[in-house]
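Student: I should like a close look at how one pair of helices packs in this structure. Please take the geometry first, then the residues involved, and then the setting.

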Amino acid sequence: MERHQNRETRTPRNNVVVHRRRKSKSYRLSYRSGLGAADSRLGWSPALTARRLNTSRKAAGISNIAERVDPGQLALLVKTEWQLSYVTPLHQFRHTQLKSYARQLSAFIAAGKQQGLAVEVEGLQTTFRVSFSLVQGMTQSDEDAESVLVQIHSKRLFARQDEPQKPVWSGWLTCINGNPDYLRALPKDFVCLPLFGCSGADGLSALVKSWFQQSFDCCFGLLEISHTSLQWLMALWTNCHAESGIQHLKMIWTLPAAPPLQVTYTEAGENYIDIEEVTSFMQGLKSHFYRHFRLDLSAGSLNQVSTALGSAKYSGRMKISNSRYMITTLTLLTECALLKMPI
Amino acid sequence: TICPNPPHMKITAKPFVSVLVFFPLEAGTPVNGNDEVERNMVLVEKLAYSKGLSPEAISIMLEFAMSLRMGTSLCARVLKCLIPATLVPQEAVVRAVVWLSVGKIPVSTQILFIKWVLTVFDMIDAKDQLRAVYGFIFNFVTEENLCPFICHLLYLLTRKESVVSCSMLILFPQGRQPFLLSLLSLYKVFCPEMVMLSIPSRIKSGFRNHNMPWKSALIAVQKGAGPHVAAGISPASTTIKTNPRKRKRCHLELPVMTSVVSKEAQTEPSSCGKVVPLVQLHSFAQLLENMHRIELPAQMGSLLGSSLALQYLDCVQDESALLRLNFWLGYALHEEFLFCGDRGASQNSQEALPFLDRLLSTQHFLQEGFSCSEAFLYKFLNVWDGSLLRPQILGLLSNIPVVPSAQIRQLLFEPLMQLFFTSSLFFKCGLMECLNNMLLKWLTWHSVYALEDDLDISLNSHTSINMTLSGFKDSVMELVDFVGRLASLGLQLEGCHSLLLSFVLDFYETVCDMFMKYGLPLVVMPPPGVFYPALFATDPVSVDRLAYIMHRWGLFTSCFDNAAMHVQAFHISRQMVREFNHYIIVMVNCLWNSKMFQLDMGLSLGEDLLLKSKVPQYWASFDLVHHPAFMSYAVDFHHRVMLAWRKDMDLNSIKDSKPWSWYLEFLVSQGYDGLKQFVQSNIGRQQLPADEG
């Protein structure tokens with residue numbers, strides 16, 4: 001165990017080639033280390049935008065957040081597949097005002113439902129109860145703001161008293177190990193919780209987002225988990241074999257072919273994949289596919305990775321199955337979200 | 001007999017009216033093989049899916065479809081393309097409901113119609129007449145297939161009065177399907193005494209969404225219509241319907257300016273009463289009056305829409321307000337142009353164009369660029385194709401504040417160089433103009449802020465960053481050098497195109513005035529790659545402008561002679577002076593003294609090579625008489641003046657003392673002031689060209 005925790009890992013090398021060929025060139029090229037000084041016009045430290053994906057990171061440290069975080073909240077975070085977004089810093093967000101935020105958001109949703117098109121009439125016979133709660137024990141550094149969990153329960157108009165309210169939507173905002181330079185550079189009236197995950201009806205997600213936008217002058221954008229990040233997640237998750245064993249590793253590529261081609265690679269059983277081997281593993285996989293199927297995987301894009309510890313898709317859907325690796329995963333995703341910040 | 005519409009109808013400006021005239025046909029017109037119908041249907045569908053149909057068109061088409069004038073097949077087809085642009089007239093819906101009861105319409109089409117009504121329900125201009133026929137609609141509940149949809153419609157129409165007027169009895173035997181229960185639960189809310197049935201508290205969501213055939217088209221049409229969509233559909237409801245996976249591009253829409261209502265609870269009530277939301281101010285006078293107690297809007301992005309708000313923003317030096325605006329703006333730019341990836345957002349320039357135009361005019365108004373657009377550009381230049389929204393992007397680029405010289409190469413020059421050498425002549429010209437504007441803005445900032453402090457200049461009024469004078473000079477130097485390199489190679493690539501040359505000379509006109517106009521003590525000479533193409537240009541304007549530029553430099557260097565002690569402060573090396581003198585000598589020798597290709601001129605060509613070219617008097621071929629740019633003037637002058645003395649055509653005769661001065665006057669009279677000034681400042685002493693020929 002110790003051995004794994006201390007080891008530094010590097011961004012898998014082979015992605016470099018792949019990236020140049022991919023359409024998302026903009027994404028990679030968009031983060032240049034030189035930006036710092038130019039951006040320091042707002043009096044920020046140059047580090048603010050000298051951001052790029054870390055090229056090395058600690059192998060997945062196992063954190064015992066199960067001891068610190070409320071088990072109910074943790075269970076929710078772990079059992080659900082989340083659609084990820086990035087959020088620009090929240091202006092005038094106060095962790096002390098969560099109760100009043102819950103009231104405001106309830107009212108906002110009720111108003112939104114009133115205005116809605118007739119086709120979503122199901123909402124009329126239900127009312128929604130919104131709760132905001134702090135997720136204590138998640139933060140890793142002093143700069144990280146406390147995570148916030150938002151839950152929406154539906155209340156039927158004709159519900160009996162004892163009937164439990166049904167959770168219909170949940171979402172959270174978090175910042176785990178956020179770049180301290182960036183966080184420090186923000187003025188005091190901004191709270192940076194760059195990673196947003198939600199699960200539930202799209203209509204509600206949209207309502208919640210637009211409430212946040214109007215209340216804290218922030219913006220939500222889809223957080224795609226890039227090819228590189230997917231490989232990173234795979235590396236981080238597979239490195240944890242000692243703990244939970246790799247039951248399976250599944251990767252899905254999409255290749256630019258007509259008709260569109262999806263390649264699924266499933267590794268079942270007890271195959272041992274070490275972090276150092278990920279690169280060579282990927283390389284080997286690619287040459288295997290090339291040799292046998294004349295498929296150059298590096299021409300396509302890795303779309304989905306799933307292991308027993310979690311799954312992640314390019315579209316920004318992510319599920320963490322084991323709370324012990326949650327912090328590691330969220331650290332990486334926080335990093336991705338911060339990379340998307342416009343300034 | 002087939003159809004009564006004019007045969008010459010074209011799909012142009014206003015064909016639609018005539019198409020509609022065609023639709024109220026008599027019953028029984030054949031459908032099969034009727035090409036006119038087909039053509040008109042295609043036209044209607046095209047319009048419906050692109051712009052949506054006007055209320056009148058909806059009326060006519062709905063009547064046409066439901067009356068089954070041309071059979072049942074067309075009916076469904078018409079229903080599918082009934083995308084309202086704004087509103088749906090209530091009368092049309094009521095009439096169509098009446099057609100339902102005639103009973104000829106197939107059930108599937110009836111269902112399609114009710115689904116359509118449900119989809120556009122919020123766009124129906126009024127509901128009173130529909131509610132008036134509530135009982136009539138209620139009768140359809142007994143139709144088994146229609147029932148779920150009718151229940152949904154009734155649910156939407158139900159008022160307390162309507163419940164009372166209807167008999168519930170019909171409903172009960174029909175079982176406990178969720179849609180019935182949903183409707184009944186509503187009835188029970190209104191009139192508990194009338195519904196005897198016990199409604200289970202847990203009702204599965206009763207109504208499904210039936211909007212499939214129309215939803216995407218409706219959203220697209222509403223998106224296109226923008227502000228014209230009537231109040232019937234509030235903007236909020238359309239954004240709510242956004243499917244995050246099929247992201248509607250709403251990030252370019254300016255937020256509506258609203259005051260910070262939701263946060264009032266947080267702030268102290270004592271201060272609340274006094275603040276004035278920006279949204280309530282309508283005139284500049286009001287702005288001034290309330291300047292001290294203005295409250296910023298909830299979303300700073302909304303400021304872009306109001307010049308009054310921008311005026312306020314310009315006055316307050318609120319860092320977090322500006323930061324909020326920058327976050328929003330940067331987000332919009334990034335989402336639109338960088339994160340779009342495969343989604344091909346760049347195509348929808350009909351939104352991006354006005355957005356960028358607005359951003360540009362805002363920056364123009366504030367007289368400075370936003371830092372987010374700067375950060376965005378550094379990224380975007382790497383992926384830009386050089387043609388997408390070129391004027392706007394170059395406009396944004398020219399607003400970039402001074403870039404520190406250490407970063408300027410990586411951030412600006414490398415991507416621009418790639419674009420420059422791979423793009424068309426027009427891009428090259430555009431970029432030259434952009435870089436000229438950029439330099440002008442930098443110099444203007446310098447001249448404004450340098451006055452405040454001799455050494456440190458604060459470059460951006462909203463920011464605290466300071467740049468030393470030498471740092472600023474380094475950046476300007478880098479920029480001028482860069483443009484020199486671009487221009488040299490660009491002129492070579494484009495065969496010294498005079499349009500490009502003109503833009504390059506524009507830039508050097510700015511450069512030569514850096515000290516005279518903007519007080520920046522910096523002299524940078526154009527590289528030979530710019531100087532010689534301008535000197536040997538075939539159009540006289542370029543030569544004239546070069547002469548003007550050299551004249552301006554001459555002014556500068558002469559005052560530099562007088563104040564020799566400032567040499568150190570001025571980035572002028574001996575090398576620079578030598579370069580300048582060299583250029584002057586070349587110009588004078590070329591244009592005036594007819595001493596091209598002398599050994600000391602730097603243009604060394606082997607004598608034998610020159611002889612081989614068989615150009616007579618090659619040393620004189622670029623003097624003001626024989627220069628390709630001026631030859632026509634010389635000939636003209638010769639015709640007008642010299643022929644009085646000579647019969648033969650001899651251009652060399654112009655070089656005699658008297659005609660020469662007349663010739664110069666003649667050129668000046670043609671508007672070549674640059675030459676005039678150049679001659680005055682550089683050739684004052686020796687009046688005559690040294691005629692070697």
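Tutor: Helix 22 and helix 24 of chain B are roughly parallel to each other, because their axes cross at roughly 10 degrees and angles under 35 degrees count as roughly parallel. The model is a predicted one. In it, helix 22 spans residues 425-449 and helix 24 spans residues 498-512, and their axes come within 9 Å.

The side of the contact supplied by helix 22 consists of B:Leu425, B:Phe426, B:Lys428, B:Cys429, B:Met432, B:Glu433, B:Leu435, B:Asn436, B:Leu439, B:Leu440 and B:Leu443. Helix 24 meets these residues with B:Leu499, B:Leu500, B:Phe503, B:Val504, B:Asp506, B:Phe507, B:Thr510 and B:Val511. Sorted by class, this contact comprises 14 nonpolar, 2 polar and 3 charged residues.

As to the setting, chain B contains 31 helices and 4 strands. Of its 693 residues, 53% are buried. Among contacts in chain B with a separation of 6 or more, 73% join residues 24 or more positions apart. The chain exposes about 30900 Å², of which carbon and sulfur atoms supply 56%.

Another helix of the chain may be set beside this pair. Helix 27 of chain B, residues 574-593, has buried residues that include B:Met576, B:Phe580, B:Tyr583 and B:Ile584. Towards the end of helix 27, B:Val586, B:Met587, B:Val588, B:Asn589, B:Cys590, B:Leu591, B:Trp592 and B:Asn593 are buried as well. B:Ser594 follows helix 27 and has a positive phi, near 50 degrees.

Note on methods:
Residues are numbered from 1 along each chain as its sequence is written. Chains are lettered from A and ligands numbered from 1 in the order in which they are written. This is a predicted model: local features need pLDDT of at least 70, side-chain atom pairs count only at pLDDT 80 or more; totals for chains, interfaces and linings use all residues. Side-chain values use heavy atoms; hydrogens and water are left out. Buried means under 20% relative accessible area, exposed over 50%, partly exposed in between (1.4 Å probe, protein chains only). Helices (H or I, at least four residues) and strands (E, at least two) are DSSP runs, numbered from the N terminus. Contact means heavy atoms within 4.5 Å. Accessible areas come from the Shrake-Rupley method with a 1.4 Å probe; for residues, only the protein chains shown count as cover. Axes are lines fitted to C-alpha atoms, for helices over the stretch in contact, and angles run from 0 to 180 degrees between N-to-C directions. Angles under 35 degrees count as roughly parallel, over 145 as roughly antiparallel, 65 to 115 as roughly perpendicular and the rest as oblique. Ala, Val, Leu, Ile, Met, Phe, Trp, Tyr, Cys and Pro count as nonpolar, Asp, Glu, Lys and Arg as charged, and the others, Gly among them, as polar.
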